[in-house]
Amino acid sequence: MLVMVRLFPKGGLNNLCSVIEAEKRNLYWEDVEPLYAIRQEGKRYLSILLKVKRLDSVQQVFLKNLETMAAVRDTRTIPIMSPVYFPPPKEHAKDLQRFLVFLRVNPENYRDVYSKLIELKWTKSTFMTYLSYSFGDDDIILSVLSKDRETARGFVERKISKIPGVVGYDTSRIVNSLSLLPQNKLEAHKDRFRYSKPAGTKGRMANKAEFEAYLKERSPFTVIVRLFAKSGMPQLWNDVEKNIQKFETDHVTPLYASQQENKEFINVIFEVDNFEVLKDFLVNNVHTLADVRKTRTVPLLQPTYFLLPKDHPSDLYRYLVSIRGDPSQYQAIRSKFITHGLKENVFPTYLSFSLGQDDILLSLLTDSRKSAQTFAKDVFDSMDGVVSYDISNQLQTKRLASKERWKRHLNKYLSSYDKAHRKEYDSRYDWTDDFKTFAAMTGAFLDELES
């Protein structure tokens with residue numbers, strides 16, 4: 001599994017780059033292999049491409065250990081899917097500069113744009129060396145070599161922006177690229193995703209067997225797919241509710257959907273085997289929904305569900321607390337919350353790292369917005385490491401997975417306390433196979449209970 005982590009330093013970007021270069025020999029861990037770092041002109045972050053065995057290793061290993069070397073104030077985790085490295089054309093121009101191009105694409109054109117970039121007629125002074133899907137802040141990322149900024153931007157404007165389905169782009173020059181592996185190991189990584197010929201010359205994957213093995217790697221994780229409506233939320237919600245279950249496979253499980261107040265998107269939470277099966281879903285299926293204008297993916301790390309007493313009040317509302325925190329305190333914030341004394345009218349149901357637009361997501365049930373605000377103020381205002389938080393009402397939620405798959409998912413991610421006291425809960429709360437009883441215990445979807 002490949003991810004790009006963007007690191008926003010507390011101090012200067014030059015200092016962060018110097019620390020990474022000086023300490024790169026200490027950046028190797030069992031579950032995380034940093035490949036290379038990139039600094040872009042005009043950007044206030046350093047990007048590091050990681051190869052990880054498990055997605056939560058980004059938080060548990062990489063960020064935790066990185067903090068001992070450099071002070072980081074913010075992070076972003078960007079999925080990397082179907083990467084391809086292209087050899088340069090023969091007799092290409094020398095002394096070329098490298099640029100990154102980020103594309104935003106209509107969902108119905110994801111596959112066509114990706115394919116047309118591979119087939120595009122490039123020149124010897126401007127050609128592509130790398131291509132991947134992302135679906136993080138952008139949909140497709142490519143790396144281009146060109147003789148100067150004006151030539152690169154001109155080519156992107158004349159050729160790439162005119163490809164049907166491209167709705168936006170950003171081009172920035174790479175001012176520094178640092179290999180974090182010995183050169184032979186970095187080339188071995190690239191060989192797995194190497195194309196046999198330069199882009200635009202009808203090549204193929206040079207190491208098809210290795211690439212196929214990569215596609216089948218199992219690295220299960222949970223992810224939010226945000227579907228942005230073209231015109232209206234009701235139509236999109238209706239389409240998600242009625243149709244998204246049909247995309248369930250052995251490798252992709254839509255778990256539930258939710259809609260927040262004052263948001264122009266619907267969250268659909270999935271459990272998937274790896275990034276590539278998620279990419280297939282986004283490329284092949286999202287555009288069949290009636291009213292989707294764009295998508296964004298937010299990987300979730302260490303999701304945790306909390307049991308809810310069967311005799312909880314019936315007149316509760318669901319709220320989402322979105323927390324931004326100091327990266328060095330992510331785990332501490334989570335631990336402090338779990339051990340914090342709770343009020344009688346507030347019932348936490350779910351907690352996860354997100355490392356996207358927000359760092360930690362907390363779902364809770366309570367009787368009013370005022371109670372949710374009072375709870376958040378009491379817990380987070382004085383907690384070290386919390387930078388800010390936002391509270392929004394969950395207007396509606398809907399379970400999408402089958403009863404059996406939903407129960408398996410929740411059982412995997414119950415809090416350690418609830419797992420340790422499972423027998424006590426079985427006896428105390430009359431655990432049965434009935435979904436509505438199970439939902440009451442986990443705080444999942446009170447609308448199911450009320451209906």
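The paragraphs below lead through a predicted model, from its barrel and packed helices to its aromatic pairs and two buried polar residues.

Because the model is predicted, local features need pLDDT of at least 70 and side-chain atom pairs count only at pLDDT 80 or more, while totals for chains, interfaces and linings use all residues. Residues are numbered from 1 along each chain as its sequence is written, and side-chain values use heavy atoms, with hydrogens and water left out.

The barrel is a convenient place to begin. Here 8 strands close in the order S9-S11-S10-S16-S13-S15-S14-S12, with antiparallel pairing; strands are DSSP runs of E with at least two residues, helices are runs of H or I with at least four, and both are numbered from the N terminus. From one strand to the next the twist averages 35 degrees, where axes are lines fitted to C-alpha atoms, for helices over the stretch in contact, and angles run from 0 to 180 degrees between N-to-C directions. Strands of a sheet pair through backbone hydrogen bonds, either parallel or antiparallel. Strand S9 (residues 221–229) and strand S12 (residues 292–305) pair in the antiparallel sense over 8 bridges, two strands being counted as paired if DSSP finds at least two bridges between them. Within this arrangement, Phe228 stands opposite Lys294 in S12.

Helices pack against these strands. H8 touches S9, strand S10 (252–260), S11 and S12, and its direction makes about 20 degrees with that of S9; contact means heavy atoms within 4.5 Å. Helix H10 (residues 369–380) lies across strands S13 (317–325), S14 (346–353), S15 (360–366) and S16 (386–399), and runs at about 145 degrees to S16.

Just ahead of H8, Asn274 occupies the loop between strand S11 (265–272) and helix H8 (275–284). Asn274 counts as buried because its relative accessibility is 8%, where buried means under 20% relative accessible area, exposed over 50% and partly exposed in between, with a 1.4 Å probe and protein chains only. A polar atom of the Asn274 side chain lies 3.2 Å from the backbone oxygen of Leu215, and a polar atom of that side chain lies 2.9 Å from the backbone nitrogen of Val277. Not counting residues up to four places away in sequence, Asn274 touches Met1, Leu215, Lys216, Glu217, Ser219 and Phe221.

Aromatic side chains form a further theme, with a count of 23 aromatic pairs; rings of Phe, Tyr and Trp (its six-membered ring) pair if their centres lie within 6.5 Å, and planes under 30 degrees apart count as stacked, over 60 as edge-to-face and the rest as tilted. Phe193 and Tyr214 form an edge-to-face pair, 4.9 Å centre to centre with 90 degrees between the planes. This pair links Phe193, in the loop between helix H5 (183–192) and helix H6 (208–215), to Tyr214 in helix H6, 21 residues apart. Phe193 counts as buried at 2% relative accessibility, and Tyr214 at 5%. Phe211 and Tyr214 form a tilted pair, 5.8 Å centre to centre with 35 degrees between the planes. Because they are 3 residues apart in helix H6, Phe211 and Tyr214 are separated by about one helical turn.

Finally, Gln59 is found in helix H2 (residues 57–66) and is buried, with a relative accessible area of 3%. The C-alpha atoms of Gln59 and Gln331 are separated by 8.5 Å, although these residues are 272 residues apart along the chain. Leaving aside neighbours within four places in sequence, Gln59 is in contact with residues including Leu301, Gln302, Tyr330, Gln331 and Phe353.

Terms used: Polar contact = N/O pair within 3.5 Å; in protein donor to acceptor, adjacent residues only side chain to side chain.
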